[in-house]
Amino acid sequence: MAKRKRGRPPKRKPPKFHLGQASSLPGSLWGLWLNHILKHGPTWLYVATFLSHAFCCRITEVLRLRARDISIKDKAVHVSSMKRAKAVDKRLLRVLLPKLTSLKHKGVRRKRQRNAGARGLVSWTDAWSWPEKPSGYLFPSDRQDAKEARRTKDTACKATGRLRETFAPKCKDPPVTRTIRTHSARHRMISDLKASDIPDTISMRMARINDTKTFAKYGQLSDQQVGNVLDRSAKLRKTLGEIYGVYGTTTKRNKRNS
């Protein structure tokens, strides 16, 4: 029997390319992306992507959710521990309760068509529904030979990868498609929190991020979002108005001319 060589283990081969940061799909791009998933992709991925954004969770955290983890009555969602982060009960945002209630009682159904070779186009119904049992996963696996009873991150990433290849929104600054990933939903929510002037301490708690340097890399704002935040700042308007003597002197006529 050959002796095992001692020393350092062999170095892992570096990846062919660096993935970089996932796109946060700023502005109207997020709505267009969700509509694209709903129109062309599996309904379960649409729901999972929505929840990842709504709860500011990683896709794996969402795929681990069971029916009992979400309580619309108590306005809370229980997110299990992950990556050394303790389990947490997040507050459900009031504005999202109608959407969550609709998903729970109505689910999502879409008519699909696919090419079946000699049979031509075959129609079928793609449906997602809320689990009947409290212990049921929101996103159960549909494969009998699956190692997990629920869908996994790899499944979500592959489905997202297929959909982004056909995502071609008509806009001024279309995104680089390879930067659209399952993590884009969480990035978008962090970006929304920053654009809404939510304090960093609250945003970091919502996203379960402890390191400020890591948090700074998330949610990069677009130029339009930065401008909107500055325009909404009453203190900044007052400061600049006092400097130039124009604060509080805007008339209806000036507004119409601007």
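Here are three short exercises, with worked solutions, on a predicted model.

**Exercise 1.** Work out what span helix α1 (residues 29-40) should have, and compare it with the distance between its end C-alpha atoms.

*Solution.*
Step 1: The expected span is 1.5 Å times one less than the number of residues.
Step 2: Helix α1 has 12 residues, so it should span 16 Å.
Step 3: The end C-alpha atoms of α1 are 16 Å apart, which agrees with that expectation.

**Exercise 2.** Find the buried residues of α1 and the elements they pack against, then turn to α6 and see how much of that helix is covered.

*Solution.*
Step 1: Take buried to mean under 20% relative accessible area.
Step 2: In α1, the residues that pass are Leu-29, Trp-30, Trp-33, Leu-34, His-36, Ile-37 and Leu-38.
Step 3: These buried residues pack against α2 (43-54), β4 (108-115), α5 (153-164) and α6 (184-195).
Step 4: Helix α6 is mostly covered, with 11 of its 12 residues buried; among them are Arg-186, His-187, Met-189 and Leu-193.
Step 5: Just look past the helix, too: α6 is followed by Asp-197, which has a positive phi near 65°.

**Exercise 3.** In the open sheet of 3 strands, give the strand order and explain why β1 (70-71) and β3 (88-91) each have one side without a neighbour in the sheet.

*Solution.*
Step 1: The order is β1-β2-β3, and the pairing is antiparallel.
Step 2: Strands β1 and β3 stand at the edges with a single partner strand each, so one side of each has no neighbour in the sheet.
Step 3: For a closer look, follow β2 (residues 76-79), which pairs with β3 over 4 antiparallel bridges. Here Val-79 stands opposite Val-88 in β3.

Definitions and conventions: Residues are numbered from 1 along each chain as its sequence is written. This is a predicted model: local features need pLDDT of at least 70, side-chain atom pairs count only at pLDDT 80 or more; totals for chains, interfaces and linings use all residues. Side-chain values use heavy atoms; hydrogens and water are left out. Helices (H or I, at least four residues) and strands (E, at least two) are DSSP runs, numbered from the N terminus. Buried means under 20% relative accessible area, exposed over 50%, partly exposed in between (1.4 Å probe, protein chains only). Contact means heavy atoms within 4.5 Å. Two strands pair if DSSP finds at least two bridges between them.
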